[in-house]
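Here are my notes on the model, as numbered points. They begin with charged pairs and then turn to strands, the disulfide and one glycine.

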Amino acid sequence: QVQLVESGGGLVQAGGSLRLSCAASGRTFSNLAMGWFRQAPGKEREFVALISRSGGSTYYTNSVKGRFTISRDNAKNTLYLQMNSLKPEDTAVYYCAARDSDSGTYNYWGQGTQVTVSS
């Protein structure tokens, strides 16, 4: 079983930055493709970014392109999301997720970390 624990959320002013981390355990991290999702109050959970098992491929939803960067450190079993130029509409609970291949369903989820961006 894979365990995922997010950290790094908080309150930041618009235009500021945060870096989220997701510590993984229970499986060889380099065998897991990873992603970040978010859920704002009253809205459905949405995809934010993904990274392949090797880290060689990334993909972002249009609203965060050029502002967010997903990365991973397979030696530290950790996934990151660097968020710059934050906007109030980025306010949400952010979740990391893992899957056993570079495509398909995400099987494992963290508990989430709150990000609040004030205007």
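1. A search of the whole structure, which is a predicted model, returns 5 salt bridges. One of them is between the side chains of Arg-27 and Asp-100, with an N to O distance of 2.7 Å. This pair connects distant parts of the chain: the two residues are 73 apart, with Arg-27 in the loop between strand 3 (18–25) and strand 4 and Asp-100 in the loop between strand 9 and strand 10. Arg-27 is partly exposed, at a relative accessible area of 34%. Asp-100 is also partly exposed, at 35%.

2. Which side chains does Asp-90 meet in salt bridges? Arg-38 is one partner, at 3.0 Å from N to O. That pair links distant parts of the chain, 52 residues apart, since Asp-90 lies in the loop between strand 8 (78–83) and strand 9 while Arg-38 belongs to strand 4. Arg-67 is another partner, at 2.8 Å from N to O. Here the separation is 23 residues, and Arg-67 sits in the loop between strand 6 (58–60) and strand 7 (68–73).

3. Are the residues of these two pairs buried or exposed? Asp-90 is buried, with 1% relative accessibility. Arg-38 is buried at 4%. Arg-67, at 10%, is buried because its value falls under the 20% limit. Salt bridges with shared partners join Arg-67, Asp-90, Arg-38 and Glu-46 into one network. As background, side chains of opposite charge can pair when their charged atoms come close.

4. Strand 9 covers residues 92–99, and 7 of its 8 residues are buried. Strand 4 (residues 33–39) runs antiparallel to strand 9 and is joined to it by 7 bridges. Within that pairing, Trp-36 has Cys-96 of strand 9 as its bridge partner. Strand 4 also holds Arg-38, the residue that meets Asp-90 in a salt bridge.

5. Which other strands pair with strand 9? Strand 11 (residues 113–118) is antiparallel to strand 9, with 3 bridges between them. In this pairing Tyr-94 is placed opposite Thr-113 of strand 11. Strand 10 (residues 108–109) likewise pairs with strand 9 in the antiparallel sense, over 2 bridges. There, Ala-97 faces Trp-109 of strand 10 as its opposite residue.

6. How many disulfides are there? The count is 1. It joins Cys-22 to Cys-96, with an S to S distance of 2.0 Å. The link is right-handed, with 45° about the S-S bond. The two cysteines come from distant parts of the chain, Cys-22 from strand 3 and Cys-96 from strand 9, 74 residues apart. Cys-22 has 0% relative accessibility and is therefore buried, the limit being under 20%. Cys-96 is buried as well, at 0%. Cys-96 is also the bridge partner of Trp-36.

7. The strand that carries Cys-22 belongs to an open sheet of 4 strands, in the order 1-3-8-7, with antiparallel pairing. Strand 1 and strand 7 are at the edges with a single partner strand each, so one side of each has no neighbour in the sheet. From one strand to the next, the twist averages 15°. Strand 3 and strand 8 are paired in the antiparallel sense over 6 bridges. In strand 8, Leu-79 is the residue opposite Cys-22. As a general remark, side chains in a regular strand alternate between the two faces of the sheet.

8. Where is Gly-8? It is in the loop between strand 1 (3–7) and strand 2 (10–13). Gly-8 is partly exposed, with 34% relative accessibility. Leaving aside residues up to four places away in sequence, Gly-8 touches Leu-18, Arg-19, Leu-20 and Thr-113. Thr-113, in strand 11, is the residue opposite Tyr-94. For a distance across the model, Gly-8 and Lys-43 are 35 residues apart in sequence and 22 Å apart in space, taken from C-alpha to C-alpha.

How values were computed: Residues are numbered from 1 along each chain as its sequence is written. This is a predicted model: local features need pLDDT of at least 70, side-chain atom pairs count only at pLDDT 80 or more; totals for chains, interfaces and linings use all residues. Side-chain values use heavy atoms; hydrogens and water are left out. Buried means under 20% relative accessible area, exposed over 50%, partly exposed in between (1.4 Å probe, protein chains only). Two strands pair if DSSP finds at least two bridges between them. A salt bridge is a side-chain nitrogen of Lys or Arg within 4 Å of a carboxyl oxygen of Asp or Glu. Contact means heavy atoms within 4.5 Å. A disulfide is a pair of cysteine sulfur atoms within 2.5 Å. Axes are lines fitted to C-alpha atoms, for helices over the stretch in contact, and angles run from 0 to 180 degrees between N-to-C directions.
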